[in-house]
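Reader: Before we get into details, could you pull up the model so we can talk through its cavities and its ligand site?

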Amino acid sequence: MQLPIYMDYHATTPVDPRVFEAMRPYFTEVFGNPASRSHSFGWKASEAIERARQQVASLINSKPAEVYFTSGATESDNLAIKGVVLNQLARNLGGGHIITTAIEHKAILESCKRAQAQQKPQGFEVTVLPVDRFGMVDPVAVERAITPRTVLVSVIAASNEVGTIEPLAEIGRITRARGILLHTDAAQAVGKIPVDVVAMNIDLLSLTAHKMYGPKGVGAIYIRGERPADLITCIADGGGQENGVRSGTLNVAGIVGLGETCRINQLEMAEEGQRLSVLRDRLKRAILAGAQEVIVNGHESLRLPNNLSMSFAGLDAETLLMSLDDIALSSGSACLSGSGFKSGAIRASHVIEALGVDERYALCTIRFGLGRFTTEEQVDYVARRVVEAVASLRELAPAPEPVRVGAMK
Ligand SMILES: *Cc1c(COP(=O)(O)O)cnc(C)c1O
């Protein structure tokens with residue numbers, strides 16, 4: 001078995017070789033700008049873009065004309081939140097109120113903060129809803145948080161940290177009945193579990209290719225209704241590509257890859273999810289059987305098939321990951337190296353905090369992200385290594401002191 005083992009599929013995935021082959025001609029042969037209307041180079045690129053648009057639309061059950069290509073879920077999230085805010089302001093409707101949750105990706109939480117920083121009297125209020133200990137948002141709490149000023153509810157489709165799948169269909173019934181927009185960050189959900197924008201009454205949705213075996217730097221936003229300017233005001237002004245939603249020359253090869261990966265995922269999602277949930281449960285059982293004082297975070301059944309989040313009492317995640325140096329995993333505590341804090345400080349992520357995980361456990365939260373190329377042999381190896389590492393560290397280490405709260409990529 002080849003080392004190191006990659007078990008961090010929530011951070012990113014490799015490009016599926018089939019996707020790569022579909023993209024290949026669009027770098028050197030079919031290199032036209034899809035905005036060039038006067039020659040076949042442009043037409044061919046444009047045809048490829050429209051095919052990809054259909055493939056994305058088919059996976060989420062939207063119309064192709066409701067899908068707009070972006071650079072990924074971060075941009076789509078920004079466009080959804082800030083686009084709605086700017087739209088409100090452009091219509092002179094004054095400020096408004098946004099409802100979101102404590103377990104969102106930073107792209108949502110930081111965009112909401114930006115909205116909150118708008119000057120009065122056009123200010124935006126933001127309500128950040130808590131989740132229960134399984135990471136679940138309560139639709140009744142969404143309903144109760146709605147005020148006459150509420151314009152947008154944004155709820156993650158499935159958690160990138162603990163895997164919990166949120167009750168979007170129930171939330172969508174509430175928002176649609178009140179005429180309030182529902183946005184979902186579905187970066188981890190699309191291509192892994194069924195997402196249906198019609199059945200779930202979703203108005204805006206963010207997705208990204210590199211979480212589902214497509215390339216990095218390309219994604220899409222779904223905007224209901226083929227009249228995007230009714231819902232959002234664009235951020236990037238320019239040539240007016242993507243029906244004015246997102247100016248800029250399209251990333252043709254990337255978009256072809258996004259389309260192809262959507263096509264493949266639509267065909268293989270059910271079977272792959274089944275295979276991964278069996279492997280995930282095998283990993284979970286082996287670690288639970290071998291290690292003491294371990295808890296599983298997230299929801300027992302309403303969770304992504306490829307996600308396992310576990311916390312180990314009395315240890316810290318950095319040390320555990322360091323002793324698992326032949327396995328690529330993420331911790332549910334801070335990326336201190338990347339965020340300018342002194343190394344050595346340990347903090348639980350905002351998501352783990354939001355679940356209210358006992359502090360003795362929270363500081364050693366590990367996320368196992370399984371994926372298309374994960375094997376049973378790898379799972380067994382990882383389980384054995386984790387059990388060994390936890391046991392040997394427990395013999396040595398005193399429990400760390402909590403310092404502060406941060407986030408996972
Ligand atoms: C990865 C991820 C993002 C960011 O997507 P990019 O395409 O990398 O910008 C946003 N939200 C969630 C839930 C994610 O998992």
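Reader: Which residues line the largest cavity?

Author: Keep in mind that this is a predicted model. The largest cavity holds about 60 Å³ of space. Its lining is made up of Gly 191, Lys 192, Tyr 213, Met 269, Glu 272, Gly 273, Leu 276, Pro 305 and Asn 306.

Reader: And where does that cavity lie with respect to domain 1 and domain 2?

Author: Domain 1 is 5-11 + 269-393, and domain 2 is 17-264. Both of them give residues to the lining, so the largest cavity lies between domain 1 and domain 2.

Reader: How many cavities of 30 Å³ or more turn up in the whole structure?

Author: The one we just went through has about 60 Å³, with four nonpolar, three polar and two charged residues in its lining. Searching the whole structure at that cut-off, the count of cavities is two.

Reader: On to the ligand: which helix gives the most to the shell around it?

Author: The shell has three nonpolar, seven polar and three charged residues. Three residues of the shell come from a helix spanning residues 73-90, and that top contributor is helix 4.

Reader: What share of the ligand's accessible area does the protein cover?

Author: Start with the polar contacts: a ligand oxygen atom sits 3.0 Å from a backbone N or O atom of Ala 73. Side-chain N or O atoms also meet ligand oxygen, at 2.7 Å for Gln 188 and at 2.6 Å for Thr 208. On its own the ligand has 380 Å² of accessible area, and the share covered by the protein is 88%.

Key
Residues numbered from 1 in each chain as written. Predicted model: local features only at pLDDT ≥ 70, side-chain atom pairs only at ≥ 80, totals over all residues. Heavy atoms only, no water. 1 Å grid on protein atoms, 1.4 Å probe; cavity = no way out; pocket = protein on both sides within 12 Å on 5 of 7 lines; lining within 4 Å. Points joined across faces, edges and corners; volume = space filled by probe spheres on them. Nonpolar A, V, L, I, M, F, W, Y, C, P; charged D, E, K, R; others polar. Domains from an automatic or database assignment. Polar contact = N/O pair within 3.5 Å; in protein donor to acceptor, adjacent residues only side chain to side chain. Areas by Shrake-Rupley, 256 points an atom, 1.4 Å probe, with all protein chains shown as cover. Helix = DSSP H or I, 4+ residues; strand = E, 2+ residues; numbered from the N terminus.
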